[in-house]
Amino acid sequence: LIIKKIKTICLIVCLISVNTKKKLMKKLKLASLALVGFAVTSLVSCNAPKEQVEETASDSTEMVAEVVSNTVVDIAVGSADHSTLVAAVTAAGLVETLSGTGPFTIFAPTNAAFDALPAGTVEDLLKPENKDKLTAVLTYHVVAGNVMSSQLADGQKVATLNGQELTVAIKDGVVTINGAKVIAADLAGSNGVIHVVEGVLLPQ
C-alpha cells in the first residue's frame with residue numbers, strides 16, 4: 001500500500017513537472033515573438049527617418065540644380081517703368097527671340113520716353129498692319145553680344161540688329177546713345193544685359 005502511494009505521488013509530481021515545462025515553454029515562445037515584433041518595429045522606425053532624410057536631400061539637390069531663368073525679357077517684364085516696351089515687344093512677336101540664347105544688349109526706353117513721342121505714335125506702331133515698322137524700331141535698340149557700360153567709348157559706333165548703327169557719346173561721365181541719356185546701366189540677365197535710356201531711338 002505504501003509503495004502504491006509513493007508511485008501515485010511520483011506520478012503526480014511528474015505530471016506537475018510536465019505541465020510546468022509546457023507553460024514555461026509557452027511563455028518563452030510568447031516572449032520570443034514579442035522580442036521579434038519589437039525588433040521589427042524598431043527597424044522600421046529607424047529606417048523611416050533615414051528615407052525621409054534621403055528624400056529631403058534629393059529634393060534639395062534638385063532645387064539647387066534647377067536653373068532659374070532671368071532673361072532680358074524677364075527683367076523688362078518685372079520693371080514697372082517698361083510696360084510700354086514689353087507691350088511693343090509682344091506686339092512685334094519678339095518675345096521668343098529676345099528670350100533665346102543671345103546674348104543681347106538692349107537699350108531700353110522707359111514708359112516716359114515713349115510718352116514723350118508725338119501723340120498717337122505709340123498707338124500707331126502697335127497696330128498689326130505696322131508690325132514691320134515696329135520691329136524695325138525695336139531691333140534698333142538691340143545689339144548682339146554682351147556690351148557692358150565699361151566697354152562703351154566716346155564716339156563709338158555700335159551695330160544693331162536693325163542693321164543701322166548707334167552712336168555713343170560720353171561727356172563728364174554721362175553716357176548717351178544717339179543723344180538719349182543712359183540712366184541705368186548693366187542690368188545683367190541670363191542672356192544679355194539692359195541699359196535703360198530716357199529716349200526712344202528711331203532709325204533713319
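This section describes the fold, cores, empty spaces and selected contacts of a predicted model.

The protein contains seven helices and seven strands. From the N terminus, the order of elements is α-α-α-α-β-α-α-α-β-β-β-β-β-β. The protein has 204 residues, and 27% of them are buried. Long-range pairing was also examined. Among contacts between residues at least 6 apart in sequence, 62% link residues at least 24 apart.

The largest nonpolar core comprises 23 residues. Within this core, Leu98, Ile106 and Leu138 have the most contacts. At least two residues each come from α2, α3, β1, α5 (111-115), α6, α7 and β7 (192-197). Another core lies apart from this one. That core has 14 residues, including Val147, Leu166, Ala180 and Val197. Ile106 was then followed through its contacts. With residues up to four places away in sequence left out, Ile106 touches Val72, Leu98, His141, Val142, Val193, Ile194 and His195. Leu98, one of these partners, is itself among the core residues with the most contacts.

Open space was considered next. The largest pocket holds about 170 Å³. Its lining consists of 18 residues. Closest to the pocket centre are Ala76, Leu85, Val89, Leu98 and Ile106. Four elements are listed as giving two or more residues to this lining: α2 (72-77), α3 (83-91), α4 (95-98) and β1 (104-109). By class, 16 lining residues are nonpolar and two are polar. No charged residue lines the pocket. Leu98 and Ile106 thus appear both among the residues closest to the pocket centre and among those with the most contacts inside the largest core.

Enclosed space was treated separately. The search of the whole structure returned one cavity of 30 Å³ or more. The largest cavity encloses about 50 Å³. Ala88, Phe114, Val122, Leu125, Leu126, Leu134, Val137 and Leu138 form its lining. The elements giving two or more residues to this lining are α6 (121-125) and α7 (131-139). The largest share, three residues, is from α7. The cavity lining has eight nonpolar residues, with no polar and no charged ones. Leu138 lines the cavity and is also one of the residues with the most contacts inside the largest core.

Charged side chains gave a short list. The count of salt bridges is one. Lys127 pairs with Asp124, and their closest N and O atoms are 3.9 Å apart. Lys127 is partly exposed, because its relative accessibility is 38%. Asp124 is also partly exposed, because its relative accessibility is 30%.

Thr160 provides a polar counterpart. This residue sits in the loop between β3 (157-159) and β4 (165-171). Its relative accessible area is 8%, so Thr160 counts as buried. Beyond neighbours within four places in sequence, Thr160 is in contact with Thr139, Tyr140, Val142, Val143 and Leu166. Val142 is also touched by Ile106, and Leu166 belongs to the core of 14 residues.

Terms used. Residues numbered from 1 in each chain as written. Predicted model: local features only at pLDDT ≥ 70, side-chain atom pairs only at ≥ 80, totals over all residues. Heavy atoms only, no water. 1 Å grid on protein atoms, 1.4 Å probe; cavity = no way out; pocket = protein on both sides within 12 Å on 5 of 7 lines; lining within 4 Å. Points joined across faces, edges and corners; volume = space filled by probe spheres on them. Core = buried A, V, L, I, M, F, W, Y, C linked by side-chain atoms within 4.5 Å. Buried < 20%, exposed > 50% of the residue type's maximum accessible area, 1.4 Å probe, protein only. Contact = heavy atoms within 4.5 Å. Salt bridge = Lys/Arg side-chain N within 4 Å of Asp/Glu carboxyl O.
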